Amino acid sequence: MEKKGIKTAAQNRKAFHDYYVEERYEAGIELAGTEVKSIRAGTLNLKDAYCAVKDGELFVHGMHISPYEKGNIFNKDPVRVRRLLMHRREIRKLHALVRQDGYTLVPLSVYFKDARVKVEIGLCKGKKNYDKRDAAAQRDARREIDRAMKARGR
């Protein structure tokens with residue numbers, strides 16, 4: 001019996017702080033069995049992860065999946081390079097954008113979709129430091145407004 005629906009395993013919040021996300025794509029990921037069990041347990045870190053195209057294939061670097069505690073000899077290297085599964089024309093399109101326009105590919109989240117592990121990839125442009133400060137100021141202002149509205153509603 002396969003489980004239906006979407007269950008988020010991990011999100012890359014740092015990516016939203018450091019980059020403007022222009023477009024989002026869904027990709028499958030090539031994993032070993034113990035890695036899937038480890039992701040189900042929630043031991044996954046996307047903090048410093050990024051994607052790169054090599055020889056017409058898309059790979060994710062720096063994604064840390066902790067070894068499965070009951071996996072013994074079947075465990076793989078926690079930060080090994082993993083292949084992402086997308087259509088060839090999508091990979092070519094992304095590769096062309098990354099090469100010329102100063103974009104980068106960043107994994108935004110990892111989730112289960114109908115018992116399969118999927119990775120949401122963002123086509124991102126880097127933020128400058130002053131952009132990050134502006135975003136933080138807007139977020140704080142929004143928080144203050146929400147607090148004031150909540151206090152008035154009492």
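This briefing walks through the fold, the core, two helices and a few buried residues of the protein above.

The model is predicted, so local features need pLDDT of at least 70 and side-chain atom pairs count only at pLDDT 80 or more, while totals for chains, interfaces and linings use all residues. Residues are numbered from 1 along each chain as its sequence is written, and side-chain values use heavy atoms, with hydrogens and water left out. The protein has 4 helices and 9 strands; helices (H or I, at least four residues) and strands (E, at least two) are DSSP runs, numbered from the N terminus.

**Overall layout**

- Starting at the N terminus, the order of elements is β-α-β-α-β-β-β-β-β-α-β-β-α.
- Measured out along the principal axes, the C-alpha atoms of the protein fill a box of roughly 60 × 45 × 25 Å.
- Of the protein's 154 residues, 32% count as buried; buried means under 20% relative accessible area, exposed over 50%, and partly exposed in between (1.4 Å probe, protein chains only).
- About 10,400 Å² of the protein is exposed, with carbon and sulfur atoms supplying 48% of that; accessible areas come from the Shrake-Rupley method with a 1.4 Å probe, and for residues only the protein chains shown count as cover.
- Take the contacts (heavy atoms within 4.5 Å) between residues at least 6 apart in sequence: 69% of them join residues at least 24 apart.

**The largest nonpolar core**

- A nonpolar core is a set of buried Ala, Val, Leu, Ile, Met, Phe, Trp, Tyr and Cys residues joined through side-chain atoms within 4.5 Å.
- The largest one holds 26 residues, and Leu58, Met63, Leu84, Met86, Val110 and Ile121 touch the most other members.
- Two or more residues each come from strand 2 (19-29), strand 5 (57-61), helix 3 (88-101), strand 8 (104-113) and strand 9 (116-126).
- Strand 9 gives the largest share of this core, with 4 residues.
- Not counting residues up to four places away in sequence, Ile121 touches a long list of partners, including Tyr25, Cys51, Leu58, Leu84, Met86 and Leu108.

**Helix 2**

- Thr34, Glu35, Ser38 and Ile39 are the residues to look for in helix 2 (residues 33-40) if you want buried ones.
- Those buried residues fall within an arc of 140° seen down the axis of helix 2, so they line one face of the helix; the arc is that of the directions from the helix axis to the C-beta atoms.
- Their cover includes strand 1, strand 3 (44-45), strand 6 (64-65), strand 7 (82-85), strand 8 and strand 9.
- Just after helix 2 comes Gly42, with a positive phi of about 85°.

**Helix 3**

- Helix 3 has 14 residues and reaches 20 Å from its first C-alpha to its last, close to the 20 Å expected at 1.5 Å a residue; the expected span is 1.5 Å times one less than the number of residues.
- Its buried residues are Ile91, Leu94 and Leu97.
- Looking down the axis of helix 3, these buried residues fall within an arc of 130°, so they line one face of the helix.
- Over on the other side of helix 3, Arg88, Arg89, Arg92, Arg99 and Gln100 are exposed.
- The buried residues of helix 3 pack against strand 2, strand 4 (50-54), strand 5, strand 8 and strand 9.
- Gly102, just after helix 3, takes a positive phi of about 75°.

**Asn12 and its partners in strand 8**

- Asn12 sits in the loop between strand 1 (6-11) and helix 1 (13-18), and it counts as buried at 2% relative accessibility.
- The Asn12 side chain reaches the backbone nitrogen of Ala15 at 3.3 Å.
- Neighbours within four places in sequence aside, Asn12 is in contact with Leu46, Lys47, Val106, Pro107 and Leu108.
- Val106 belongs to strand 8 and is buried at 3% relative accessibility.
- Beyond four places in sequence, the contacts of Val106 include Asn12, Ala15, Tyr19 and Ile121.
- C-alpha to C-alpha, Val106 and Val60 are 8.5 Å apart in space, though 46 residues apart in sequence.
- Pro107, also in strand 8, is buried with a relative accessible area of 0%.
- Among the contacts of Pro107 beyond four places in sequence are Asn12, Leu46, Cys51, Val60 and Ile121.
- Pro107 and Glu26 lie 81 residues apart in sequence and 9.7 Å apart in space, C-alpha to C-alpha.

Note on methods:
Polar contact = N/O pair within 3.5 Å; in protein donor to acceptor, adjacent residues only side chain to side chain.
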